[in-house]
Amino acid sequence: MSATAAPTAIDFSSTQHVPMSRLARVEIRKALDTRAGRWLIIGILGLVVLIEVIYSFAADNSDKNLQDYIQIPGFTLGYFLPIVIIMLVTSEASQRNGLVTFTLEPRRSRIVLAKFIAGVTLALSVMVLAVILAVLGTLLGIATGGDVSWHLDGGLVFYALFLSNMIGIFIGFALSMLIMNTAGAIVAYFAYTLILPSAVGILSAISDTFEKIGPWIEFNTAQSPLVSSPYSPTGEEWAQIVVAGAIWLVLPLVLGIGRLLRIEFK
Amino acid sequence: MIKVEGLTRKYGAFTAVDDVSFVCQPGRVTGFLGPNGAGKTTTMRVMVGLTPPTQGRVTIGGHLYKDIPNPGRHVGVLLDASAQHAGRTGREILTIGAQTMGLPLSRVDEMLDLVSLDRTEATRRLRNYSLGMKQRLGIAHALLGDPSVLILDEPANGLDPAGIRWMRGLLKSYADRGGTVLLSSHLLNEVEQIADEMILIGRGRIVAEGTKDQLLAGAEHKTSLVTALDNELLSKALQEKGITATPAGSGLRVDAPPVEVGRTSVEHGIVLTDLRAADGGLEELFLTLTEDSQRDELPGQPTTAPEGTAA
Ligand SMILES: Nc1ncnc2c1ncn2[C@@H]1O[C@H](COP(=O)(O)OP(=O)(O)O)[C@@H](O)[C@H]1O
Ligand SMILES: [Mg+2]
């Protein structure tokens, strides 16, 4: 750095920085190389298969369309993909391997980016597998006597499967960076995704005012136009997604990144 | 080369590291010695950018750690051998390190061989490793990128005696090849035999530094261990001068420097078979220098073990 190089100065200029592609590849590996990580993903896909099989036998023959089958991973992944993310991030503190991660790449923002890339890549791969499973499910629907339609609504795929799950994994990122503890972040995620919308639902049932402001301040409620028919949110609904998303996604994400960049990994 | 300049790290009102400066030279093993809580780990954490300093800075080869590209290729770090995902196998931990640094996977096997972890052990998960095995894996991880600087926090912890000897040889030859080695310990005898240079730290402050000889040179001797043909006679002669002598082993422990004991023996014509300073060993120095940072009350007498045995 300084021009007055001491005789013992080391010249690092011929060494390349660790490229982002390598960091991201390592992060993907880290999500899958423990029993917990591997079985979580196998478990998620297994659950999708299980529900599709049960659905094939239980549902009305007129409801066995590709459109119906694709909703199964749509909401299954929503509950569990964020857990994959939470484990990937919080293990740096809970399992303490952050000491090594951040000495091999001390510029922490690059690790944050690598984890985002890894998380999105994993989520997309699981989604592709889920779509394949939905197609197989539909075939099972035919086999079980279904009167099948292969029609697929773009809104369903983009909003319900892709966008809402992407939002989910970034909620996972935000919570894990803020809480930096595996169990704590998982509890917080389920509180956010299960308890919060029920509470808002109850309050909305007893108060008209709350029914009006609920979608503006509660992100799950705001997202329901994304995951329910006709899968095309109105302008006001988009505005609600943006406002509630600013509160529940953008703000925690910014605070979480700030915390991860500063925190002392012990 | 590692250069620590005026490093201070505070936690609230508590000063964990207090204006610490020292240099670790290439080709030498520097021992960083101090009792528990002295600030060794904190200093090393600042070196590798895990803890920001309150004041001062550390440079490695003239650069801040965070400015070193692919630092694993230049600086080998072992801060805490247990700080790895407990569910990963030893081999997987090294593989992740090698992949991050961009090394061929053959490097993983080389390192496993170097630290004598066999192939079955390498397939076990870290939670099933003993402390000594974790320590070996940690050393393997630090050496993966063939770095020119090594920073090891208490690497001998949990190693068996053979392991400690092995590590000693490893670090010595590493320094002989021009590497810079900094290793910490709270045990003097772990460091004494490997370190060319020693930094003594107590309560966050450097209390002494130098080679072993330099450290010992300044020490004043106040007690002696002596063995005479007639210990009783010598004891009496000393007591006449108002000097206390208490039996110790086959001789006496005397509260006076050796020169005073020698003089007395000459005056009374008492034949001595052994006479030496009882204090002034490195351990004594270590204990005295870090005295106010010790947790435990020490007995009035120095704790140096050897009693006056006839040579
Ligand atoms: N995050 C922290 N908050 C408060 N005190 C700390 C923190 N980290 C270290 N300390 C304190 O700093 C002192 C030095 O610790 P450390 O560097 O680990 O000592 P050593 O490694 O020499 O045993 C200890 O008293 C320790 O409790
Ligand atoms: Mg320590």
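pLDDT is the predictor's confidence in each residue, on a scale from 0 to 100, and since this is a predicted model, colouring by that value is a sensible way to open the tour. Chain A has a mean pLDDT of 92, with 97% of its residues at 70 or more. Now select residues 1–6 of chain A, where pLDDT stays under 50 and where the model has 4 contacts beyond four places in sequence. Where pLDDT is low, the predicted coordinates should not be read in detail.

Next, select helix H7 of chain A, residues 182–206, together with helix H9 of chain A, residues 219–227, whose axes come within 8 Å and cross at roughly 90°. Angles from 65 to 115 degrees count as roughly perpendicular, and H7(A) and H9(A) are therefore roughly perpendicular to each other. To see what fills the crossing, show the side chains of Tyr192(A), Thr193(A), Pro197(A) and Val200(A) on H7(A), which meet Phe219(A), Asn220(A), Thr221(A) and Gln223(A) on H9(A). By type, the residues of this contact comprise 4 nonpolar, 4 polar and no charged.

From H9(A), move along the chain into the loop that leads to helix H10 of chain A, residues 235–262, where Pro230(A) is found. The peptide bond that joins Ser229(A) to Pro230(A) is cis, with omega near 10°. In that loop between H9 and H10 of chain A, select also Tyr231(A), which is not a glycine and yet has a positive phi of about 55°. Most residues other than glycine have a negative phi, and most peptide bonds are trans. Is Tyr231(A) buried or exposed? With a relative accessible area of 6%, Tyr231(A) is buried, the cut-off for that term being under 20%.

Turn now to chain B, whose C-alpha atoms fill a box of roughly 75 × 45 × 35 Å along the principal axes, and which contains 11 helices and 13 strands. Of the 311 residues in chain B, 55% are buried. Among contacts in chain B with a separation of 6 or more, 70% are between residues 24 or more positions apart.

Select helix H1 of chain B, residues 40–47, which is mostly covered, with 7 of its 8 residues buried. The buried residues of H1(B) include charged-type names such as Lys40(B) and Arg45(B), alongside Thr42(B), Thr43(B), Met44(B), Val46(B) and Met47(B). After H1(B) comes Gly49(B), with a positive phi near 75°.

Another positive phi, near 50°, belongs to Glu154(B), a residue other than glycine. Look for Glu154(B) in the loop between strand E6, residues 149–152, and helix H6, residues 161–176, of chain B; at 13% relative accessibility, Glu154(B) counts as buried.

Finally, bring both chains into view for the largest nonpolar core, which has 90 residues, those with the most contacts inside it being Phe219(A), Ile2(B), Phe22(B), Met47(B) and Ile151(B). Two of these names have been met before: Phe219(A) in the contact of H9(A) with H7(A), and Met47(B) among the buried residues of H1(B). Which residues does Ile2(B) touch? Leaving aside residues up to four places away in sequence, Ile2(B) touches Phe22(B), Val23(B), Cys24(B), Met47(B), Val58(B), Thr59(B), Ile60(B), Val149(B), Ile151(B), Thr180(B) and Leu182(B). Apart from the largest core lies another, of 38 residues, and Met101(B), Ala122(B), Ile139(B) and Ile194(B) are among them. In soluble globular proteins, nonpolar side chains tend to be buried together.

Terms used
Residues numbered from 1 in each chain as written. Chains lettered and ligands numbered in written order. Predicted model: local features only at pLDDT ≥ 70, side-chain atom pairs only at ≥ 80, totals over all residues. Heavy atoms only, no water. Core = buried A, V, L, I, M, F, W, Y, C linked by side-chain atoms within 4.5 Å. Buried < 20%, exposed > 50% of the residue type's maximum accessible area, 1.4 Å probe, protein only. Contact = heavy atoms within 4.5 Å. Axes fitted to C-alpha atoms, helices over the stretch in contact; angles between N-to-C directions. Helix = DSSP H or I, 4+ residues; strand = E, 2+ residues; numbered from the N terminus. Parallel < 35°, antiparallel > 145°, perpendicular 65-115°, else oblique.
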